[in-house]
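Here's a quick walk through this fold, starting with one helix and working inwards. Keep the viewer open as you read.

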Amino acid sequence: MGTELRILDWIQSMRTPVGDWLMLGASRLGNAGMVWIFLTLLLLLFPKTRRSGAILAAALLIDIIVCNGILKNMVGRIRPCDVNRSVALLVPRPDDYSFPSGHTAASFAAVSALYHSGAKKLWKAALPLAVLIAFSRMYLYVHYPTDILGGIVVGAAAGWAGYQLIRCWERRRRGGFREDAGTEQGTERVLRKGEDDGCCDHTGLPGTGRHIHHGGMEQCVEK
């Protein structure tokens with residue numbers, strides 16, 4: 001922890017008014033995953049990008065459960081701003097635990113989800129923003145470097161898990177369609193065979209009669 005605090009103090013030594021403005025804006029974009037939720041809704045609006053939007057939504061949902069719901073409370077790490085209170089914060093003091101960084105996890109969950117969905121242009125555009133958001137959390141003195149690394153790992157895993165979840169749903173959906181189509185095709189073949197034979201029972205359903213030959217003539221006899 002001492003080494004990590006020294007790293008954060010070194011970052012503080014590089015603070016400038018422009019840097020404060022940039023890092024504060026980047027961090028606000030990541031508040032509650034706002035920028036990534038907005039991107040998800042935007043992708044879901046259009047058929048061509050709807051699959052990427054679904055993967056992104058699944059990834060963010062998994063991330064918030066694992067990161068905020070489980071890991072933060074399980075690890076219970078105190079934030080650096082609560083260890084060294086001499087640093088003047090640019091943001092309200094967070095009241096939850098430090099590890100892993102939720103901003104970072106959500107950001108890299110989005111990048112990972114977009115990468116696995118095949119949205120090449122989007123994930124490449126999202127990566128620099130994710131890095132900026134992650135760095136801003138150290139600049140603002142609310143996360144340790146290992147919180148950021150943990151967030152990257154959790155986010156990348158959540159993105160992959162979201163992709164696998166949507167793939168599983170797609171396979172099940174396609175399997176259901178194939179089963180329905182196979183049943184319909186089988187019924188159609190039976191009906192067509194009965195129509196070709198010209199045989200039916202008393203209910204009018206084809207394909208239930210039998211053929212006999214008599215004097216060179218073929219006759220349909222009902223069962």
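## Two sides of helix 1

Buried here means under 20% relative accessible area, and exposed means over 50%. Bear in mind that this is a predicted model.

By that yardstick, helix 1 has E4, L5, L8, I11 and Q12 as buried residues. They sit on the same side of helix 1, because they cover an arc of only 115° around the axis. That fits the general pattern: an α-helix has 3.6 residues a turn, so residues three or four places apart point the same way. Turn to the face away from the buried side of helix 1 and you'll find R6 and W10, both exposed.

## The main core

L8 turns up again in the largest nonpolar core, which has 40 residues. It is listed among those with the most contacts inside that core, along with W36, L39, L56, L60, L114 and Y141.

Which elements give two or more residues to this core? They are helix 1 (2-12), helix 2 (17-29), helix 3 (34-45), helix 4 (50-75), helix 6 (102-117), helix 7 (120-139) and helix 8 (145-197). Helix 6 gives the most, with seven residues.

For a look at L114 itself, skip its neighbours within four places in sequence: L114 is then in contact with L39, L43, L56, A119, L122, W123 and A126.

## A loop residue

A88 lies in the loop that runs between helix 5 (80-83) and helix 6. A88 counts as exposed because its relative accessibility is 57%. A88 and L140 are 52 residues apart in sequence, yet their C-alpha atoms are 9.1 Å apart in space.

How values were computed:
Residues are numbered from 1 along each chain as its sequence is written. This is a predicted model: local features need pLDDT of at least 70, side-chain atom pairs count only at pLDDT 80 or more; totals for chains, interfaces and linings use all residues. Side-chain values use heavy atoms; hydrogens and water are left out. A nonpolar core is a set of buried Ala, Val, Leu, Ile, Met, Phe, Trp, Tyr and Cys residues joined through side-chain atoms within 4.5 Å. Buried means under 20% relative accessible area, exposed over 50%, partly exposed in between (1.4 Å probe, protein chains only). Helices (H or I, at least four residues) and strands (E, at least two) are DSSP runs, numbered from the N terminus. Contact means heavy atoms within 4.5 Å. The arc is that of the directions from the helix axis to the C-beta atoms.
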